[in-house]
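Subject: Structure handover

Hello,

Here is the structure I promised to pass on. Please open it alongside this note. My findings follow below.

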Amino acid sequence: MTNCFSIPSALQLNAIPAFNDNYIWVLHNTEQAVVVDPGDAQPVLAFLAQHQLQLTTILITHHHKDHVGGISQLLQHWPATTVYGPAQESIPLRTQAVHDQDKIQLAALGCELEVLSVPGHTAGHVAYFGRSDQGEPFLFCGDTLFSGGCGRLFEGTATQMLASLNKLTALPPQTLVCCAHEYTLSNLNWALEVEPNNSDLHDYYQQAAALRAAQQPTLPSTIGLELRINPFLRTHIPAVQLSASNYCSGRASNDSEVFAQLREWKNNA
Ligand SMILES: [Zn+2]
């Protein structure tokens, strides 16, 4: 018998640290959990046990080992778990292949996710955008967008990645950005070279440095913050264009070329 008067518990979002600098995000209420990109099962199993949670869903953004390595062991403990992953990539033990604009109902958590195709870091990379039962928007973006940076172009072009990032920056500015790596401070050190006169960037660096000194994650970020401080989202800003052209000794003729110059610079930073 269902209880029609039950009120959904408020959702919680946690970042489980894994390996050197990965985060495995967990979205959960008091009973059930969804995990994103579990590269390692052990820290996830420990978190689920500690909070007495049942794993129902795994969301995979792309095929890299540090994002999929824990799936098999998690399924041994939770065989009924649904594993969502991009249709265009080979994802171990995937049970649901997802495409751009697919909707995923997380009934137990009272929320719906939308799949966004964001190629660039890998060819089939997807992100998952959702809203909590309180209406708060959040994004699991894997290795596409980092705070102060973006993923390397392993399988895609600068034009593809810029289009993918533009899709993410069109989301509401208060969207919580749940990135898969703690790269923030090194990204911001580089971003300060690109835009030394950006006062928002200086302020954010101080906040991020304080969080890391206290061994706290700098994430989630927000889309609104990233638009103010992330050079890869600021290819339209003259100061960013000038720095990029100085580094590469050549003027870019469009935003994709500015993006490619920035990516080259960051790869060598
Ligand atoms: Zn990756």
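In which sense do strand E9 and strand E10 pair, and over how many bridges? The sense is antiparallel, and there are four bridges. E9 covers residues 126-131 and E10 covers residues 137-142. One bridge partner to look up is Pro137 in E10, which goes with Arg131. Please keep in mind that this is a predicted model.

**The sheet around E9 and E10**

Both strands belong to an open sheet of six strands. Its order is E7-E8-E9-E10-E13-E14, and the pairing is mixed. At the edges are strand E7 (103-106) and strand E14 (221-222), each of which pairs on one side only.

Strand E13, residues 176-179, holds Cys178. Is Cys178 buried or exposed? Cys178 counts as buried, because it has 26 C-beta neighbours inside 10 Å; the cut-off for buried is 20 or more. Leaving aside residues up to four places away in sequence, Cys178 touches Phe138, Leu139, Phe140 and Cys141, along with Leu13, Trp25, Leu219 and Pro220. Trp265 is another matter: its C-alpha atom is 25 Å from that of Cys178, and 87 residues separate the two along the chain.

**The other sheet**

A second open sheet, also of six strands, runs E1-E2-E3-E4-E5-E6. Its pairing is mixed. Strand E1 (12-18) and strand E6 (96-98) are the edges, and each pairs on one side only. Ignoring direction, neighbouring strands here are turned by 25° against each other on average.

Start with E1 and E2. They pair in the antiparallel sense over seven bridges. Ile16 stands opposite Ile24 in E2. The two strands form a hairpin, with three residues between them. Phe19 sits in the turn and has a positive phi of about 50°.

Then look at strand E3 (residues 32-36) and strand E4 (residues 54-59). Their pairing is parallel, over five bridges. Val35 has Ile58 of E4 as its bridge partner. Helix H1, residues 42-50, packs on this sheet. H1 touches E1, strand E2 (22-28), E3 and E4. The direction of H1 makes about 140° with that of E1.

**The helices**

How far apart are the axes of helix H4 and helix H9 where they pack? The distance is 9 Å, and the angle is about 100°. H4 is therefore roughly perpendicular to H9, since angles of 65 to 115 degrees count that way. H4 spans residues 158-169 and H9 spans residues 255-268. On the H4 side, the contact is made by Ala158, Thr159, Met161 and Leu162. On the H9 side, it is made by Asp255, Ser256, Phe259, Ala260 and Arg263. By class, that gives five nonpolar, two polar and two charged residues.

H9 also turns up at helix H8, residues 238-248. H9 and helix H5 (184-194) are among what covers the buried residues of H8. Those buried residues include Val240, Ser243 and Ala244. They lie on the same side of H8, because they cover an arc of only 95° around the axis. Just after H8 comes Ser249, with a positive phi near 50°.

**Where to look first**

I would begin at Cys178, which is buried and touches residues including Phe138 and Leu219. The H4 and H9 contact, at about 100°, makes a good second stop.

Best wishes

Notes. Residues numbered from 1 in each chain as written. Predicted model: local features only at pLDDT ≥ 70, side-chain atom pairs only at ≥ 80, totals over all residues. Pairing = 2+ DSSP bridges. Axes fitted to C-alpha atoms, helices over the stretch in contact; angles between N-to-C directions. Parallel < 35°, antiparallel > 145°, perpendicular 65-115°, else oblique. Contact = placed C-beta atoms within 7 Å. Nonpolar A, V, L, I, M, F, W, Y, C, P; charged D, E, K, R; others polar. Buried ≥ 20, exposed ≤ 12 C-beta atoms within 10 Å, placed from the backbone. Arc of directions from axis to C-beta.
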